[in-house]
Amino acid sequence: KVEYVVAHGISTTIEDHKAVIGSYHFVFEDEKCLIPEDGKEKFDNIPEEYSHLYLAIDGRLAAVICIEDPLREEAKASVEALRGAGISKIVMMTGDSERTAAAIARRVGVDEYYSEVLPEDKANFIEKEKAAGRKVIMVGDGINDSPALSAANVGIAISDGAEIAREIADITVGADDLQELVVLKEISNALMKRIRRNYRFIIIFNAGLIACGVAGILQPTSSALLHNTSTLAISLKSMQNLLP
């Protein structure tokens, strides 16, 4: 019989011995498992760059499985580019251990990081940031990210992520490349700039036409012609690509 504890790990029985495998929080804090005296030195020297799964049998640590989850080559450059595109605070939230999260955060250059977080912790963090007046973008690809994707002002899923994450997210990035997030932000910035520019032009131009009509400078036919011509010109101009 296998018991799956969401975002924590797995508990089962092997030949009448209870075995648990999962995160540090699950194995050592929830299950109160202990590290054998003869294994503490090895435990203290586990490489930080790996994700860790802890296996305990009958309340004693039996093994640590080190999983290589290499950092994307473009991660650091993407974080810097997002900051340059106007993102003021970049936070990494992970279920990995503190040591692994700290090592990755240093290499990527995020503003803050949180380790060993649960799905509800991510969602609660986003609600707190929104309550402080921030607009929050959440990027995720797993089942555990779904509550946070739903809570954010904008949820972004990666195309090869879990199906439920793609369903809940507002946007799905098609390419498996973090640089696409930068492109998405640049497109958003350019689109809002275009909308504001068009709005200002329409208000000023049409106000001018009305004033000229009231003053008798323009005939109604001329005013209608200029109005429709400007509408057509703005429409054609807005069909241009937002990015070079």
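This is a guided tour of a predicted model, with a selection to make at each stop.

**Stop 1: the antiparallel sheet**

Start with strands E1 to E5. These 5 strands form an open sheet. Their order is E1-E2-E3-E4-E5, and the pairing is antiparallel. Color E1 (2–5) and E5 next. They stand at the edges, each with a single partner strand, so one side of each has no neighbour in the sheet. From one strand to the next, the twist averages 15°.

Now select residues 17–22 and 51–57. These are strands E3 and E4, which run antiparallel and are joined by 4 bridges. Pick out Ile-21: Leu-55 in E4 stands opposite.

**Stop 2: Ser-51**

Stay in strand E4 and select Ser-51. Is Ser-51 buried or exposed? Ser-51 is buried, at a relative accessible area of 11%. Show what surrounds this residue. Beyond four places in sequence, Ser-51 touches Ile-65, Cys-66, Ile-67, Asp-69, Asp-96 and Thr-100.

**Stop 3: Glu-74**

Move to the loop between strand E5 (60–67) and H3, and select Glu-74. The relative accessible area of Glu-74 is 17%. Buried means under 20%, so Glu-74 counts as buried. Which residues should you display around Glu-74? Leaving aside neighbours within four places in sequence, display Asp-177, Leu-178 and Gln-179, which are in contact with Glu-74.

**Stop 4: the largest nonpolar core**

Next, show Leu-82, Ile-90, Met-92, Val-108, Val-110 and Leu-181 as spheres. The largest nonpolar core has 15 residues, and these six touch the most other members. Which elements give two or more residues to this core? They are helix H3 (75–84), helix H4 (98–108) and H8. H4 supplies the largest share, with 4 residues.

Center the view on Ile-90. Not counting residues up to four places away in sequence, Ile-90 touches Val-79, Leu-82, Arg-83, Val-110, Asp-111 and Glu-112.

**Stop 5: Glu-112**

Follow that last contact to Glu-112, in strand E7 (residues 112–114). Glu-112 is partly exposed, with a relative accessible area of 27%. Select the residues touching Glu-112: outside its neighbours within four places in sequence, these are Lys-89, Ile-90, Val-91, Met-92 and Phe-125. Then draw a C-alpha to C-alpha distance from Glu-112 to Ser-88. The two are 24 residues apart in sequence and 12 Å apart in space.

**Stop 6: the parallel sheet**

Hide the previous selections and show E8, E9 and E10. These 3 strands make an open sheet in the order E8-E9-E10, with parallel pairing. Strand E8 (137–140) and strand E10 (171–173) are the edge strands, each pairing on one side only. Here the twist averages 25° from one strand to the next.

Take the pairings in turn. E8 and E9 pair in the parallel sense over 4 bridges. In E9, Val-154 is the bridge partner of Ile-137. Strand E9 (residues 154–158) pairs with E10 over 3 bridges, also in the parallel sense. Ala-157 has Thr-172 in E10 as its bridge partner.

Now turn on the side chains of E8. In a regular strand, side chains alternate between the two faces of the sheet. Along E8, Met-138 and Gly-140 point to one face and are buried. Ile-137 and Val-139 point to the other face and are not buried.

**Stop 7: H8 and its helix partner**

Add helix H8, residues 179–214. H8 lies across E8, E9 and E10, and runs at about 135° to E10.

Finish with helix H9, residues 220–238. The axes of H8 and H9 come within 11 Å and cross at roughly 170°. Angles over 145 degrees count as roughly antiparallel, and H8 and H9 are therefore roughly antiparallel to each other.

Select the two sides of the contact:

- From H8: Arg-194, Asn-198, Phe-201, Ile-202, Phe-205, Asn-206 and Leu-209.
- From H9: Ser-223, Leu-226, His-227, Ser-230, Ile-234, Lys-237 and Ser-238.

Color this selection by residue class. The contact of H8 with H9 divides into 6 nonpolar, 6 polar and 2 charged residues.

Conventions:
Residues numbered from 1 in each chain as written. Predicted model: local features only at pLDDT ≥ 70, side-chain atom pairs only at ≥ 80, totals over all residues. Heavy atoms only, no water. Pairing = 2+ DSSP bridges. Axes fitted to C-alpha atoms, helices over the stretch in contact; angles between N-to-C directions. Contact = heavy atoms within 4.5 Å. Core = buried A, V, L, I, M, F, W, Y, C linked by side-chain atoms within 4.5 Å. Buried < 20%, exposed > 50% of the residue type's maximum accessible area, 1.4 Å probe, protein only. Parallel < 35°, antiparallel > 145°, perpendicular 65-115°, else oblique. Nonpolar A, V, L, I, M, F, W, Y, C, P; charged D, E, K, R; others polar.
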